Amino acid sequence: MKNTKIQVSLKQELDSSYTISIGESISCEIASFVSQVNPSSLAIITDSNLVSSAESLANEFEKEEINTSLISFPAGESSKTLATLESVLEQMLSHKLDRKSCVVAFGGGVTGDLAGFAASVFMRGISVVQVPTSLLAMVDSSVGGKTGVDFKQGKNLAGSFLQPKAVFADVSYLKTLPYSEIKNGLAESVKHAVMFDSSLFSMIRNNSSQFNLFDANIFSELVEKNCIIKSALVEKDEFENSNRVLLNYGHTVGHAIESLTGYSKVSHGEAVAIGMAVEGRIAVEKGFFSEADLNLQNSLLKSLDFSLKLPKISRTSLVESMKSDKKSTGGNIKIVFPEKIGKYSPESLSNSSIVSEKEILSALQVF
Ligand SMILES: NC(=O)c1ccc[n+]([C@@H]2O[C@H](COP(=O)([O-])OP(=O)(O)OC[C@H]3O[C@@H](n4cnc5c(N)ncnc54)[C@H](O)[C@@H]3O)[C@@H](O)[C@H]2O)c1
Ligand SMILES: [Zn+2]
């Protein structure tokens, strides 16, 4: 018998470019965009807190004669599981969605990640449009195509990349978002500002007392500046093999704090804020960042009402938890850090970003 080899050639160029629209009361724009995509049907996936806003959006779709169904799940991070994904997929089947249907992910980052994941696996993949309603989702999670669910072993351990067909950030939704949730988006914004954009840093500083009052212009500018930063990184590194890791500033320590406090006592934004204070201190001690710039960063965080005190957790367990972070490899703890306000240190992408337990424990002494 003759052995044979058959080459399966799969080289392809895909254009998955999309537009992020930012503004006030843009729900009719969403409906007209979706009607141009011309799906066979549509499911708005949302959480239990946002059902009535989602119903209003559904009415806009119905006006465009798009066959729309609404699928909801209990609000909160604890819903970001395979069990909820299964229930969402079953509801998509019972609403008779097909391969030409489209999903609208309407909500915060939990909804974006869960609904995006559902769209990426439903009938091996259908389109998703992201409609973020929390500040965190507007400035961060709705852009970039990362989707996923959590496991008891850790957050976001299964997921996929599915770039949305479009993102519509309607800042009017932020009117109902409590300041405790706004802060989660502000922490990510400060992270973007410190690592990439001193003008964003100044903008946040100039408006630091305004974010608990709704001002559409201020929020639109904030979302726009953040989306410019995030989309530029995603364009360069869609699948997180290089520079996208720079978005991890504050997160190695932040994730460890969240994990050791059981994901309930300290919010993600609060954990990332403390994480930036600790990782910034490590960068100062390694000689990459100045004390003066660290003070500027920390003063801004405090003016936004972040406490930079480490919660009552043992420092050695914090280091152990950092070692098991999904972005650490072979027990090496890597952190990324700024060089000055508005610019990341290129050393973040080299071996200099590996920090020893001793360096971390030394930086933690002042906390
Ligand atoms: N995919 C990514 O690139 C990426 C990036 C960062 C974070 N994330 C994920 O995002 C999630 C966190 O997102 P989040 O902070 O938006 O959490 P969330 O989706 O749980 O929303 C926070 C709370 O605010 C409520 N809410 C949302 N919009 C509202 C509005 N307009 N008015 C009133 N209440 C509103 C929600 O119902 C929820 O109770 C995490 O699971 C995280 O892993 C993903
Ligand atoms: Zn984050």
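Is K183 buried or exposed? At 8% relative accessibility, K183 falls below the 20% mark, so it counts as buried. Keep in mind that this is a predicted model. The rundown below starts with ligand 1 and its shell, moves on to the salt bridges, 15 of which turn up in a search of the whole structure, and ends with a few individual residues.

**Around ligand 1**

- Ligand 1 has 23 residues around it, and the closest of them are D47, E77, T133, S134 and T176.
- Sorted by class, that shell holds 9 charged, 8 polar and 6 nonpolar residues.
- Three elements each give the shell at least two residues: helix 4 (109–121), helix 5 (135–141) and strand 7 (154–161).
- On the backbone side, a polar atom of G109 sits 2.7 Å from an oxygen atom of ligand 1.
- Two asparagine side chains also reach ligand oxygens: a polar atom of N49 is 2.9 Å from one, and a polar atom of N156 is 3.4 Å from one.
- On its own, ligand 1 would expose 870 Å², and the protein buries 86% of that.

**Salt bridge K80–D113**

- Side chains of opposite charge can pair when their charged atoms come close.
- K80 and D113 do this with their closest N and O atoms 2.9 Å apart.
- The two residues come from distant parts of the chain, 33 residues apart: K80 is in the loop between strand 3 (68–73) and helix 3 (82–94), while D113 is in helix 4.
- K80 has a relative accessible area of just 3%, so it is buried.
- D113 is buried too, because its relative accessibility is 12% and the cut-off is 20%.

**Salt bridge K146–E240**

- The side chains of K146 and E240 form a salt bridge, at 2.7 Å from N to O.
- K146 belongs to strand 6 (residues 146–151) and E240 to the loop between helix 8 (216–236) and helix 9 (251–260), so this pair ties together parts that are 94 residues apart in sequence.
- K146 has a relative accessible area of 37%, so it is partly exposed.
- E240 lands in the partly exposed class as well, because its relative accessible area is 22%.

**Salt bridge E270–K183, and a network**

- K183, the residue from the opening question, meets E270 in a salt bridge at 3.8 Å, N to O.
- This one is a helix-to-helix link: E270 is in helix 10 (residues 268–285) and K183 is in helix 6 (residues 179–196), so parts 87 residues apart in sequence are tied together.
- While K183 is buried, E270 is partly exposed, with a relative accessible area of 28%.
- Elsewhere, E77, K80, D113 and D150 are joined into one network by salt bridges that share partners.
- E77 thus has two roles here: it is among the residues closest to ligand 1, and it is a member of that network.

**Polar contacts of Q163 and T252**

- Q163 sits in the loop between strand 7 and strand 8 (166–170).
- With 12% relative accessibility, Q163 counts as buried.
- A polar atom of the Q163 side chain lies 3.4 Å from the backbone nitrogen of G145.
- The Q163 side chain also makes a polar contact with the side chain of E238, at 3.4 Å.
- T252 is a helix 9 residue, and its relative accessible area of 2% makes it buried.
- From there, the T252 side chain reaches the backbone oxygen of K334 at 3.5 Å.

**Surface patch and chain ends**

- I6, V8 and L10 make up a nonpolar patch on the surface, and together they have about 380 Å² of accessible area.
- I6 is in the segment before strand 1 (19–23).
- At 76% relative accessibility, I6 is over the 50% cut-off, so it counts as exposed.
- P346 lies in the loop between strand 11 (343–344) and strand 12 (354–355), and its 44% relative accessibility puts it in the partly exposed class.
- How far apart in space are P346 and M1? Their C-alpha atoms are 57 Å apart, with the two positions 345 residues apart in sequence numbering.

Key. Residues are numbered from 1 along each chain as its sequence is written. Chains are lettered from A and ligands numbered from 1 in the order in which they are written. This is a predicted model: local features need pLDDT of at least 70, side-chain atom pairs count only at pLDDT 80 or more; totals for chains, interfaces and linings use all residues. Side-chain values use heavy atoms; hydrogens and water are left out. A residue is near a molecule or strand if one of its heavy atoms lies within 4 Å of it. A polar contact is a pair of N or O atoms within 3.5 Å; within protein, one must be able to donate a hydrogen and the other to accept it, and residues adjacent in sequence count only if both atoms are side-chain atoms. Accessible areas come from the Shrake-Rupley method with a 1.4 Å probe; for residues, only the protein chains shown count as cover. Helices (H or I, at least four residues) and strands (E, at least two) are DSSP runs, numbered from the N terminus. Ala, Val, Leu, Ile, Met, Phe, Trp, Tyr, Cys and Pro count as nonpolar, Asp, Glu, Lys and Arg as charged, and the others, Gly among them, as polar. Patches are made of residues with over 30% relative accessible area and no salt bridge: like charges are joined within 9 Å, nonpolar side chains (Val, Leu, Ile, Met, Phe, Trp, Tyr) within 5 Å. A salt bridge is a side-chain nitrogen of Lys or Arg within 4 Å of a carboxyl oxygen of Asp or Glu. Buried means under 20% relative accessible area, exposed over 50%, partly exposed in between (1.4 Å probe, protein chains only).
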